[in-house]
Amino acid sequence: MRSLLIFKLIITIVTLQTVSASKFDKDWHTYSNYQEVVSTHVDLQLTIDFDKKQLNGSIEHELKYLRKGVQELVLDTRDIDIHRVESYRGGEWSDTDFVLAERDPVRGSKLTIALPRMTKRVKVHYNSRPEASGLQWLSPIQTAGKKHPFMFSQSQAIHARSWMPIQDTPAMRVSYTADVQTSSDLRPIMSAENDPKWNKNGNYHFEMPQPIPTYLIAIAAGNIHYKKMSKQTAIYAEPELLDASAAEFEDTQAMIEASEKLYGKYRWTDYDLLILPPSFPFGGMENPRLSFITPTVIAGDKSLVSLIAHELAHSWSGNLVTNATWRDLWLNEGFTSYVENRIMEEVYGKERAVMEQALAYQDLKKELIGLPKADTILHITIEGRDPDDAFSGVPYTKGQLFLMFLEQRFGRQDFDTFLKTYFNDHAFKSIDTANFTEYLEENLINRFPGKVSMKEVDVWINQPMLPSNSPRPSSDVFDKVQSHMNSWFSNDVKLSNIPTQKWTVHEWLYFINNLPMDIKLDRLNRLDKQFKLTQSTNNEIAHAWLLLNIKRSNPAVNTRLADYMISIGRRKLIVPLYKALLEDKNKLAFTQKIYDKARPGYHPLAQGTIDALFEKKD
Ligand SMILES: [Zn+2]
């Protein structure tokens with residue numbers, strides 16, 4: 001009964017959404033004719049074939065016409081084999097014509113399907129290919145348990161089209177249902193309502209009643225077990241990772257409650273975490289109801305759980321209110337980085353939140369120097385480019401700083417009210433930068449005159465680098481770390497006398513990141529002898545330390561460096577190491593040797609990024 005009611009509500013929401021979509025500029029990254037006819041619900045019938053590394057089956061689209069006389073449905077695909085297409089009208093299914101165009105390197109192959117009059121539904125029979133950019137297939141040896149294969153999807157930004165023919169644009173939303181079959185020793189799960197019980201016949205049914213953009217449709221399968229953490233939260237993971245994950249992420253329920261207090265109700269029922277094998281290319285992916293999480297943040301001391309706050313924050317910014325095109329990515333990631341930090345402040349206190357702001361700010365300043373100027377603009381131009389290019393610290397941290405700037409000028413109370421209302425007013429809708437700016441002007445700038453001008457807003461959104469009025473987060477705790485470091489460099493204090501026993505991971509990161517770039521090898525090795533940094537089991541500390549040692553050409557870290565790069569596939573942690581190594585042509589052979597070993601274990605997205613770094617060297 002309850003689900004029926006929810007379903008009616010969703011139909012209303014979908015209708016509103018489709019009407020509002022046309023106010024945006026066309027999304028360059030989709031071929032689909034979503035401004036004429038939209039798919040409002042999809043049903044997937046899939047078999048997971050681990051031997052062939054492919055998904056086999058069909059996708060059915062329920063259509064809603066926005067214009068009269070539409071004679072074709074255009075879907076996005078990439079590297080998909082289409083077997084047959086059927087249309088449904090007058091109570092029966094019949095084959096219909098289709099044309100699959102040549103492959104465009106960025107957008108893939110446009111699939112044009114003839115729509116006989118009155119077609120209400122279209123079903124495409126297809127299989128994905130082993131090279132699908134949105135799927136990774138892991139052999140047992142690449143998993144924690146080493147006995148079962150594992151597969152998972154990563155659909156953001158435009159990889160959903162590599163495993164299902166779909167209108168692949170964040171301007172539109174679909175609800176979905178799915179029936180998935182796999183061998184009985186494996187469990188599939190999706191970004192939907194999941195049954196915690198293991199179904200030993202290998203057949204699973206999924207329902208996602210809330211409309212979501214296609215990049216949030218997600219699937220995984222493997223030896224995936226379940227552990228409940230609290231009333232709304234649970235862990236899905238290989239059994240080897242289950243207990244450590246549940247202990248590390250036990251504060252997730254408190255994070256949900258903190259977010260609800262600030263920004264209104266959590267609208268996705270449960271919030272579960274799927275812990276992936278270490279080759280997952282990202283920190284996390286905010287797939288609704290079921291965030292996908294890298295195991296590299298299981299540190300044993302909750303020091304890296306801001307990642308969970310981040311993925312949870314997407315339940316408001318991104319999943320509930322969605323960027324209409326990938327040019328508007330900062331509306332997803334800037335808002336989420338801001339909300340993440342507010343959640344961290346609520347749950348772990350101001351001092352930690354400020355340290356995390358300060359570290360992110362330092363990282364951004366370094367990154368800005370190396371980026372093309374045009375890519376330091378929040379409202380980035382990415383026509384003709386892969387939208388994955390838009391993922392830098394700019395949409396995340398510059399976006400966050402913009403919101404911190406607004407918070408500082410308007411005061412926390414009024415800015416919180418604005419943000420909560422913004423999420424409410426745009427729930428289950430997409431928004432682009434122009435519409436956001438208009439909304440901001442009407443609901444904040446004009447309501448409290450004299451605090452921020454639209455000229456200042458324009459500089460933040462449309463000009464490169466950081467504006468002169470940007471907040472510059474700094475932390476008193478880090479100032480103390482800095483003064484200890486200075487004393488050591490001026491030989492006033494011995495390393496053993498620096499009170500590091502109670503340092504947090506954040507203090508260590510600040511310390512390592514702020515060591516002088518020309519530090520002598522002798523000093524590096526003394527630090528290592530005292531603090532065992534090369535052997536740190538905290539992946540962020542190890543990353544920062546290894547990066548510094550690459551830049552100082554310290555051969556003492558080489559064995560650990562190779563182990564680290566082969567065992568982890570998270571792009572944020574490995575790509576900067578490859579970049580730094582490849583800057584020195586004397587290290588090319590060493591780097592190539594590591595990559596030859598590591599590459600088969602990386603996700604196609606990580607492989608693509610690192611292949612490109614090597615190609616630049618040729
Ligand atoms: Zn994010």
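## Strand β1 and its partners

In β2, L46 has G57 as its bridge partner. That pair is a handy way into this predicted model. Strand β1 covers residues 37-49, while β2 covers residues 54-65. The two strands run antiparallel, and twelve bridges join them. Together β1 and β2 make a hairpin with four residues between them. Take a look at K53 in that turn: its phi is positive, at about 50°.

β1 has another partner too, strand β11 (residues 174-181). Here the pairing is parallel and runs over seven bridges. If you want a spot to find it, V42 stands opposite Y176 in β11. So how many of the 13 residues of β1 are buried? Eleven of them are, so the strand is largely enclosed by the rest of the structure.

## S153 in strand β10

Next up is S153, which sits in strand β10, a short run covering residues 150-153. Is S153 buried or exposed? With a relative accessible area of 1%, S153 is buried, because anything under 20% counts as that. Setting aside residues up to four places away in sequence, S153 touches G134, L135 and W163, as well as I217, A218, I219 and F292.

## Some unusual backbone spots

Here's some background for this part: most residues other than glycine have a negative phi, and most peptide bonds are trans. Where does this model have a cis peptide bond? One joins Q156 and A157, with omega at about 0°. A157 lies in the loop between β10 and β11.

R289 isn't a glycine, yet its phi is positive, at about 70°. You'll find R289 in the loop between β18 (284-285) and β19 (290-293). R289 is buried, with a relative accessible area of 8%.

F428 is another residue other than glycine with a positive phi, this one near 60°. F428 belongs to the loop between α8 (412-425) and β21 (429-431). Its relative accessible area is 8%, so F428 is buried.

## E441 in helix α9

Last stop: helix α9, which spans residues 433-445 and includes E441. E441 counts as partly exposed, because its relative accessibility is 31%. Which residues is E441 in contact with, leaving aside its neighbours within four places in sequence? They are N446 and M454.

For a sense of distance, try going from E441 to D195. The two are 246 residues apart in sequence, and in space they are 45 Å apart, C-alpha to C-alpha.

Conventions
Residues numbered from 1 in each chain as written. Predicted model: local features only at pLDDT ≥ 70, side-chain atom pairs only at ≥ 80, totals over all residues. Heavy atoms only, no water. Buried < 20%, exposed > 50% of the residue type's maximum accessible area, 1.4 Å probe, protein only. Contact = heavy atoms within 4.5 Å. Pairing = 2+ DSSP bridges.
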